[in-house]
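User: Got a model to go through with you. Can we take it piece by piece?

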Amino acid sequence: MTNMNNYSFVKEFILLGLPHTEGLENMSFVLFLAFYLFALLGNLLIFVTILASSSLHTPMYFFLGNLSVFDIFFPSVNSPKLMVSLAGQSRTISYQGCASQVFFYHTLGGIECFLYTVMAYDRFVAICHPMRYTVIMNQRVCTSLTVCTWLGGCVHGSILTFLIFKLPYCGPNEVDSFFCDIPVVLSLACADTSLAQMVSFTNIGVVALVCFLLILLSYTRIVLSILKIRSSEGRRRAFSTCSAHLTSILLFYGPVILVYLRPASSPWLDSVVQVLNNVVTPSLNPLIYSLRNKDVKVALRKMVSWV
């Protein structure tokens, strides 16, 4: 057994940043700042609109409000440090800071996965059991599902962070990305990482797969119910209530599959996908849910008129 006292442990890591952006730092900084501010302000606007509009105090918009809170937190995990490095400041991050990025990134990733599953179940109940919707999705059930979603994400992130940072890191300390994530950090460990790789791959894979299958089951039932609706207007309205949610699910599962669930790693592709996942997608959700949702658009207009 190796004596851990022989290791000189890494106290900080160096984030190498985005590949192929040499000479484009200023333009990249402005671009990421714009996306980040749009994500913060757009999701804050959606959240405040849901709080202020009594017509939106329903289970569907309760979960959408949670998604807006998530989309404020998620880009805030890594975007500020990315913009600091693009501005020419320090690229170093402490050991504790790196562990924090891994924890919050995967905690919030787990929360997003569980939240989309709950939102799919909510749409299933609304469309397949409309007469019992308010009874099934009562306030206690919605609160319980939300608490379980956030606690489940915390457990998911805690397990992964413990697995990664119980390993010794004694150099090198250059992280081949713009933030600390499992694949790039594990490659720096000076010990056997096979167990950590297997468990983290299994953990992420099982969570993503179970959530995906539950979402698929919900939408299979939804589609079958919609096809039984006789009027074309009724079918169109039913599909429209699900289209925004389906768009968000595709934007979520694409990066998960490309980064974590494929056998070969490509640093350039990983960086592009992570930028989309970290910065772009959270800024798109307010557009997806406001432009495609009549109730949200009406509530936004009323709120703006009050101001």
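User: Which side chains of strand 1 are buried, and which are not?
Analyst: This is a predicted model, where local features need pLDDT of at least 70, side-chain atom pairs count only at pLDDT 80 or more, and totals for chains, interfaces and linings use all residues. Residues are numbered from 1 along each chain as its sequence is written, and side-chain values use heavy atoms, with hydrogens and water left out. In strand 1 (residues 12-15), F13 and L15 point to one face and are buried. E12 and I14 point to the other face and are not buried. Buried means under 20% relative accessible area, exposed over 50%, partly exposed in between (1.4 Å probe, protein chains only). Strands (E, at least two residues) and helices (H or I, at least four) are DSSP runs, numbered from the N terminus.

User: Why the alternation?
Analyst: In a regular strand the side chains alternate between the two faces of the sheet.

User: What does strand 1 pair with, strand 2 first?
Analyst: Strand 1 runs antiparallel to strand 2 (residues 92-94), with 3 bridges between them. E12 has S94 as its bridge partner there. Two strands pair if DSSP finds at least two bridges between them.

User: And how many bridges to strand 3?
Analyst: 2 bridges, and that pair is parallel; strand 3 covers residues 174-175. I14 stands opposite E174.

User: What is the strand order in the sheet?
Analyst: The order is 2-1-3, in an open sheet of 3 strands with mixed pairing. Strand 2 and strand 3 are the edges; each has a single partner strand, so one side of each has no neighbour in the sheet.

User: Zooming out. How many helices and strands are in the chain?
Analyst: The chain has 10 helices and 3 strands. Along the sequence the pattern reads β-α-α-β-α-α-α-β-α-α-α-α-α. The radius of gyration is 21 Å, close to the 19 Å that the globule rule gives for 307 residues, so the chain is as compact as a globular protein of that length. That radius is taken over C-alpha atoms, and the rule is 2.2 Å times the number of residues to the power 0.38.

User: What box do the C-alpha atoms fill?
Analyst: Roughly 70 × 45 × 30 Å along the principal axes.

User: What share of the residues is buried?
Analyst: 47% of the 307 residues. The chain exposes about 15700 Å², and carbon and sulfur atoms supply 69% of that. Areas come from the Shrake-Rupley method with a 1.4 Å probe; for residues, only the protein chains shown count as cover.

User: How many salt bridges?
Analyst: The structure holds 1. D122 and R123 form it through their side chains, at 3.0 Å, N to O. The criterion is a side-chain nitrogen of Lys or Arg within 4 Å of a carboxyl oxygen of Asp or Glu.

User: Are those two buried or exposed?
Analyst: D122 is buried at 2% relative accessible area. R123 is buried too, at 8%.

User: Which residues form the nonpolar surface patch?
Analyst: V206, V210, L214 and L217, with about 340 Å² of accessible area together. Patches take residues with over 30% relative accessible area and no salt bridge; like charges are joined within 9 Å, nonpolar side chains (Val, Leu, Ile, Met, Phe, Trp, Tyr) within 5 Å. V210 lies in helix 7 (residues 194-227). V210 has 43% relative accessibility, so V210 counts as partly exposed.

User: Last one. Where is K166?
Analyst: K166 is in the loop between helix 5 (139-165) and strand 3. K166 is partly exposed, at 47% relative accessibility. Its C-alpha is 9.9 Å from that of A189, 23 residues apart along the chain.
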